[in-house]
Amino acid sequence: MSSIRYSFILTVCASCSISLVCAADDNANNSPKPDTTAEITSKVSLVHLGSIDTFTITEQGTLAGRFLLSALDSKNLSFAKKAKEIYETIIPTEHYGGEYTALEWFCDYLLGNEESRKQQLGDRYHNSFFEFFSANDFANLKEYLTRKYKLKKLADSGTEAGRDRIAFLEDFILFNNPRREEWEKTSKIIEALKIQPGTTIADVGCGPGYYTFKFSELVGASGKVIAIDTVQEHLNYVKNLATKFDITNVETLKDREDSAGVRANSADMVFMCSLYHIIYTTLTEEVKDRFVNSLKTALKPDGRLIIVDNAVVTQGTLPYHGPHIAKELIIGQLYYYGFDLAEQYQFIPQRYVLVFKKRTDQIANTK
Ligand SMILES: C[S@@+](CC[C@H](N)C(=O)[O-])C[C@H]1O[C@@H](n2cnc3c(N)ncnc32)[C@H](O)[C@@H]1O
C-alpha cells in the first residue's frame with residue numbers, strides 16, 4: 001500500500017518539474033541558457049539577507065563605538081585614540097565594507113591637525129557627509145552610535161520610528177562613507193561601465209546618492225540621472241545636495257516597491273547597487289514580476305541593466321558585513337525575465353558587477 005502511494009507521488013512530482021521546465025523554455029524563446037552552476041566555496045548560504053535594519057554588532061565594535069561616543073561627549077581625545085586602536089585591529093579581521101572605516105575616519109578627524117582635517121574634507125561630498133554628522137555638536141553621529149550599539153535606550157527604541165531612524169542613519173554612514181572607494185574600488189566599477197556624456201541613467205535604490213553624483217559628472221549637462229528610492233529621507237538629501245552644488249542634471253523620484261516608475265523607453269542604463277538581494281529575497285513573485293518588468297520597460301532597446309551586489313566569498317576570505325547573493329542566482333533569474341548577461345567584472349572578492357541587455361525578442365515587447 002505504501003509503495004503504491006510513494007510511486008504516485010513520484011509521478012506527480014516528475015510531471016510537475018517537466019511542465020515547469022517547458023514553461024521556462026517557452027519564456028526564454030530558445031535563447032541559450034546561461035551557465036549558472038554556482039560553486040559552493042564555503043559553508044555559507046548562496047543567499048543571505050541578515051538583518052537589514054542594522055548589521056552585525058560585535059563586542060569589539062561596540063567598545064570602539066562607546067569610546068568614540070565618549071570622545072565626542074567629553075572632548076577627551078584619549079578616547080578617540082582608544083577607539084582608533086580598536087578599529088585598526090577589527091577592520092581587517094571582523095567584516096568587510098561595514099561602518100568601521102567611516103567611524104575610523106571620524107577618529108582620524110578628531111585626532112588630526114588642521115592640515116590633515118583640510119585634506120579629509122577636501123572632497124565636497126565628504127564635506128557634506130561630515131556636516132550631516134557633525135552639526136549641533138555631532139548630534140547625528142552621537143545618535144547613530146547610541147542606536148547602533150544600543151548604548152542607551154531612547155524614547156522610540158523598539159518602535160517602528162526608531163527602526164526607521166537607525167536604518168536611515170546606517171544606510172547613510174555605510175553608503176556615503178568617505179572611505180568607500182578604498183574598500184569597494186568604486187572608480188574601477190564606474191570606469192568599467194564606460195558611461196557616455198548625454199546618456200540617461202536611472203539609479204534605482206540610490207540611497208543617499210553616492211553613485212548618483214558620480215554619474216551626474218559623467219553624463220554631463222546634456223545627460224540626466226534619475227535618483228530613485230522608496231525612502232523619502234534619502235531623496236531629500238540628494239535633492240538638497242543637488243541644489244547646494246547647483247547640479248541640474250539630477251532628478252529625484254520616489255518609487256513604489258513594485259515599480260521603479262521610470263518613463264518607458266527612456267533610460268540608457270538602469271543601475272542597482274546592493275538592491276537586487278532585497279528584490280530576490282523579500283518580494284513576492286507578483287511584486288518582483290512587476291518591479292523587474294518596470295526596469296525592462298524603462299530601458300531603451302540597447303540599454304543596459306547593471307547590477308552590483310555582494311558576492312559569496314571563499315572560505316577564509318573576509319566576507320561582506322551584510323547581505324550577499326551568489327551572482328548565479330541573479331543571472332539565472334534575469335534570464336527568465338528576458339535579460340542576457342553581456343559582461344561581468346569583479347574588482348574585489350566581496351562585490352561583483354553584472355551587465356545585462358534585453359534579449360532581442362524582448363525588445364519588441366517593451367518598445
Ligand atoms: C543597500 S542600499 C544601497 C544604496 C545605494 N545604491 C548605494 O550603493 O550607495 C539599498 C537602497 O535601496 C532602497 N530600496 C529598497 N527597495 C527598493 C525598491 N523597491 N525600489 C527602490 N529602492 C529601493 C533602500 O531604501 C536603500 O536606499
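The protein folds into 15 helices and nine strands, and keep in mind that this is a predicted model. Of its 367 residues, 35% count as buried. Look at contacts between residues at least 6 apart in sequence, and 71% of them join residues at least 24 apart.

Now for a helix pair. Helix α2 covers residues 59-74 and helix α3 covers residues 77-90; their axes come within 7 Å and cross at roughly 155 degrees. Angles over 145 degrees count as roughly antiparallel, so α2 is roughly antiparallel to α3. The crossing of the two is left-handed.

Who touches whom? On the α2 side, the contact uses Gln60, Gly61, Leu63, Ala64, Phe67, Leu68, Ser70, Ala71 and Ser74. Across from them, α3 brings in Leu77, Phe79, Ala80, Lys82, Ala83, Ile86, Tyr87 and Ile90.

Then there's the ligand. It has 20 residues around it, and Phe175, Gly205, Gly207, Cys273 and Ser274 come nearest. Several elements pitch in: α7 (160-175), α10 (210-219) and β3 (224-229) each supply at least two residues of the shell.

Here is the make-up by class of the α2 contact with α3 and of the ligand shell:

| Site | Nonpolar | Polar | Charged |
|---|---|---|---|
| α2 with α3 | 12 residues | four residues | one residue |
| Shell around the ligand | 11 residues | five residues | four residues |

In the helix contact, then, 12 residues are nonpolar and one is charged, while the shell around the ligand has 11 nonpolar and four charged residues.

Key:
Residues are numbered from 1 along each chain as its sequence is written. This is a predicted model: local features need pLDDT of at least 70, side-chain atom pairs count only at pLDDT 80 or more; totals for chains, interfaces and linings use all residues. Axes are lines fitted to C-alpha atoms, for helices over the stretch in contact, and angles run from 0 to 180 degrees between N-to-C directions. Helices (H or I, at least four residues) and strands (E, at least two) are DSSP runs, numbered from the N terminus. Angles under 35 degrees count as roughly parallel, over 145 as roughly antiparallel, 65 to 115 as roughly perpendicular and the rest as oblique. A crossing is left-handed if the near helix is turned anticlockwise from the far one by less than a right angle, and right-handed if clockwise. Two residues are in contact if their C-beta atoms, placed from the backbone, lie within 7 Å. Ala, Val, Leu, Ile, Met, Phe, Trp, Tyr, Cys and Pro count as nonpolar, Asp, Glu, Lys and Arg as charged, and the others, Gly among them, as polar. A residue is near a molecule or strand if its C-beta atom, placed from the backbone, lies within 6 Å of it. A residue is buried if 20 or more other C-beta atoms lie within 10 Å of its own, exposed if 12 or fewer, and partly exposed in between; C-beta atoms are placed from the backbone.
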